Amino acid sequence: MIIGILLAVLAALLLTAGYIAMNLALRRGKALDPRAEQTFQHGMYAKNGRLLYESSLALSDYPSEDIGIKSFDGLKLHGRLLPLENAKGTILLFHGYRSCGDGDFGCAVPLMRSLGYQVLIVDQRAHQQSEGRYITFGILERHDALSWAREMERRFGPEHPLVLDGISMGAATVLMATALPLPKSVRGIIADSGFSSPNAIIGSVIRRLHLPARPLLWLMDLWCRLLTGASLGEYSVPEAMAQCQIPVLFVHGKADSLVPWEMTRENYDACRSEKHLVLVDNAEHGESFLVDRVACEKAITDFLR
């Protein structure tokens, strides 16, 4: 009797711990204001805050169109198109975890437009103006990338080239989306600082906090399946890359302390399509374009052309 009660209490404690960990990692965060300077003074943006703020603010100067679509599971998703007359194609931008497209891509958008490409800045599910309560590190988001690609093909036609570009979690999103029936108009993928799988990156963070990764991952996944219908372990980037037929440009900073650059190497090695790899020394997470702009601009320019 006593043993049974103790086991029940232990199970309840474990389930509670898993639920708390799942909410800390997967529940949507506070929306960011890309027009407020204080947004870029803290956390992931702080190191390059002034530059990122000014580049984000500059996006306001471009004409824009808000676009809404429905996800495969009924969420309202939001994106903002920055149209360009006689555009050669459209680059769909997928931001990182608890981030925003203006902050993540503000510095790169002028280059893309100068090369003749308009851009669609996507709010990933459970971020910014898109609906959703939980983030799934690319598992459900890859289906949203498919929906956005189909919407852009519907708008601009099958001959209008599309490129999916993601950073951090956005990179995992677009890389895993390559295993889905993307429109033939998707001609390329750009993946910056991507991880190899949700479990790999979450486990890496848990271990850095000196917590037991395996039981926490299992408990978090249990709650994720109950609340979202998706498992964090159901798919990975290398699995998608093993059947990828779309050219991919991989970029990663070798000083990345959040997502080890070796994860991009793993993704690159698994890729079976045309592929290119740019590794930037002394670049932290998502900083490659800022640390070695010359190399990154050349790689993006060559890839798009």
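Here is a short chat about a predicted model, its overall build and two of its residues.

Visitor: What should I know about the ground rules?
Guide: Local features need pLDDT of at least 70 and side-chain atom pairs count only at pLDDT 80 or more, while totals for chains, interfaces and linings use all residues. Residues are numbered from 1 along each chain as its sequence is written, and side-chain values use heavy atoms, with hydrogens and water left out.

Visitor: Is Thr264 buried or exposed?
Guide: Thr264 sits in helix H10, residues 261-270 (helices are DSSP runs of H or I, at least four residues, numbered from the N terminus). Its relative accessible area is 1%. Buried means under 20%, exposed over 50%, partly exposed in between, with a 1.4 Å probe and protein chains only. So Thr264 is buried.

Visitor: Which residues is Thr264 in contact with, leaving aside neighbours within four places in sequence?
Guide: Contact means heavy atoms within 4.5 Å. One partner is Gly194, whose backbone oxygen the Thr264 side chain reaches at 3.4 Å. The list in full: Ser193, Gly194, Phe250, Val251, His252 and Leu277.

Visitor: And Leu226, buried or exposed?
Guide: Leu226 lies in helix H8. Its relative accessibility is 58%, so by that value Leu226 counts as exposed.

Visitor: What radius of gyration does the protein have?
Guide: The radius is taken over C-alpha atoms, and the globule rule is 2.2 Å times the number of residues to the power 0.38. With 305 residues, a compact globule would come out near 19 Å. The protein agrees with that, at 19 Å.

Technical notes. Helices (H or I, at least four residues) and strands (E, at least two) are DSSP runs, numbered from the N terminus. A polar contact is a pair of N or O atoms within 3.5 Å; within protein, one must be able to donate a hydrogen and the other to accept it, and residues adjacent in sequence count only if both atoms are side-chain atoms.
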